[in-house]
Amino acid sequence: MANIELIEKLSNAFGVSGYEKEVRNILKEEIRGFVDRTETDSMGNLIALKNMQAKGPKIMLNAHMDEVGLIVDYIDENGFLGFKKVGGIDDRLLAGKRVLLGDKKIPGVIGIKAIHLQTKEEEENSIPSKNLYIDIGAKNKDEAEKLIPLGTPVMFKTEFEEISSGVYIGKAFDDRLGCALVAELLKESFKNPIIALFSVQEEIGLRGAAIGAYKYTPDISITLEGTISADLPDVKEHLKCTKLGQGPVITIKDSGTITDNALREKLVSIAKKQKIPYQFKQLLAGGTDSYRIQTMKSGVKVITVAVPVRYIHSPVSLFYKTDYDNTFNLIKRFVKSL
Amino acid sequence: MNEELLKSLTDSFAVTGYEENLHSVILNALKGYTDKIESLKNGSLYALKKGKPGKCTLMLDAHIDEVGMFVTGITDEGFLRIHTRSIDPKVLPGSVVVVHGKKDLKGVIGLKPYHLQSKEEMKKYIPIDQLFVDCGMSNKKIRQIVNIGDTVSFLPDFVKLQNLISNKSIDDRAGVYVIIEVLKNLKRITPLVNVIGHFASQEEVTGLGALTSTYYLKPDFAIAIDVTHGTSPGVTSREAYQLGKGPVLFVGPGIDHIILQKLVDTAKKFGIPVQKEVGILSGTDQTEIQIVGKGVPSAVVSLPQRYMHTPVEVIDPEDIKNTINLLTLFIEEIDETFMEELYGEH
């Protein structure tokens, strides 16, 4: 069942797009001894190979290591830091948050003008991210520049935690849940050749997968994700996208991919036979590395399966362990069936 | 700086109306330092250090309550609806909060995902009544733990930002910390007057603690220690005060000028940096204290603090240290002349 310890380590790790080293090291350590070979390419993708001499279609297991975050792009005269967003983040999630900056994980906070000092107009309007600043407690611009050079990546400071039985909160479940699933799957024995692609820079345009899937192009690829759920109050039933507790999310179509019909049907029949709950992604939103992999060379058959997660692309997200376990079981049986 | 104490004061939960949690922290910190310490039925706590001859009593006041939210409803799916008047709803989305039901539960205040919002939607201000807390529980399950009216607070996280300190509810636990340290310092000095440390309830709502305790304790004069706004991006030195430049003395019609002058003189004599905040009424507990009973001459010493009423309030320990020194020396400097002047005037 779910390796919560691994998910916790991955969720707490620093891995803003382009700065995935800490996540990569955790994964490398985790899969050591379970794969024949690992390599890290020029962009930082971690690729693990298993049974490559075996016959049968080559199967890729893919998850991205990066998370959305911020990057420091400005330091004002008093040492407060301006930033750009890395990946898609709703500006309204940023005020009043705690962050960690750079390799040294220097703590900072995103403050806002106290409500007592806001004009009526300020009070009733959201704050664009360009008007927000990170406070690292620097005395002045010089000190801030020494601590935090321009271009320092910033992650949300959120502790992984079980808040109720089987309910977990933390950051970056998109896509550290996928990373944990792939790492755990690599510990199983399969008869096919397996290529695990832990990709970088998914959140800024599916960048890493473009070169990872070029070097090792599979016949079949499974992208594992922590995906969008709008299973929330005030959202109409048909707009919830996915629901927590209803099992793995199978994508038919998202913004970049129509998944392979035959593979998807096989997946569904296995779920039915094994009595594993599953759901189809309702909305066509969100894109994954599947797009890069599917369109690689002369083409790859792809499917995308995900754990439903509330509040992805935010400082704190939430998932149910049962959904993770059901996703793991479904994919394990699926790969064994190929 | 006793960081451990400031951490446990700011980590503790005491949303207005539920201040008892903080009493034990203060009791422990003051053990052996005062002549009397007592919890009051209004949610306040006070500690008394007797002076010699102790004919008069000075009350130092800081409030122990913190801003918070209240549960107003539970949706069919088990999400909690919330309300607050003291917190800017703009700081809530994307945060973890603590719901104080039959036991403490953590919950998330989230938004509809980025991918499903239009550009227009993402610019919209979200009022508090559209937000909700997600504890990951069904309606049936959460109803066993949480009731309408239960309080919700920010998640604490005591962090050092270089030399500065950030956490929730530094407003006004920093003031509480100052009073505890001043009372501890009085072990070395025997003051002329009795000193009461009053740890007040309900400042953020009605000032109930300040009003009713002042009536009960009958101090002869008082100083409230609270926080004031610190400068930060978009907050200029016209409306706020610089961190690290010392305690802020309130100046205006709402305070007693003899006490203020004594504070100014003391700061000058001992080289303690101070800043001045000019206003009409201070808007702290002092505004209530001044008009209780036959009236209480009173002043305000504030600590500059950034991002008031957010989970990430920021303060400079240097200002805390200077405030403790200023108040300790102020008490030490109280003499017959000052007392005569104070009472001759009123």
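**A tour of chains B and A**

In this predicted model, begin with chain B and display the centres of its two assigned domains: taken over C-alpha atoms, the centres of domain 1 of chain B and domain 2 of chain B are separated by 34 Å. To colour them, select residues 3–66 + 169–345 of chain B for domain 1 and residues 69–154 of chain B for domain 2, as the domain assignment gives them. Next, select the contact between these domains, to which domain 1 of chain B contributes 8 residues and domain 2 of chain B contributes 10 residues. On the domain 1 side of that contact, 4 residues are nonpolar, 2 are polar and 2 are charged.

Now bring chain A into view. Here 54 residues of chain A are in contact with 52 residues of chain B. On the chain B side, select β6 (95–100), β7 (104–109), β10 (159–161) and β11 (164–167), each of which supplies at least two residues. Of the elements on this side, β7(B) gives the most, with 3 residues. Colouring the chain B side by class shows 26 nonpolar, 15 polar and 11 charged residues.

Finally, move to chain A and select A:Leu132, found in the loop that runs between α3 (120–123) and β8 (133–135) of chain A. A:Leu132 counts as buried because 22 other C-beta atoms lie within 10 Å, where the cut-off is 20 or more. To show its surroundings, select A:Leu94, A:Ala95, A:Ile110, A:Ile112 and A:Ile127, which are in contact with A:Leu132 when neighbours within four places in sequence are left aside. As a last step, draw the distance from A:Leu132 to A:Tyr311: these residues are 179 residues apart along the chain, and their C-alpha atoms are separated by 21 Å.

Conventions
Residues numbered from 1 in each chain as written. Chains lettered and ligands numbered in written order. Predicted model: local features only at pLDDT ≥ 70, side-chain atom pairs only at ≥ 80, totals over all residues. Contact = placed C-beta atoms within 7 Å. Helix = DSSP H or I, 4+ residues; strand = E, 2+ residues; numbered from the N terminus. Nonpolar A, V, L, I, M, F, W, Y, C, P; charged D, E, K, R; others polar. Buried ≥ 20, exposed ≤ 12 C-beta atoms within 10 Å, placed from the backbone. Domains from an automatic or database assignment.
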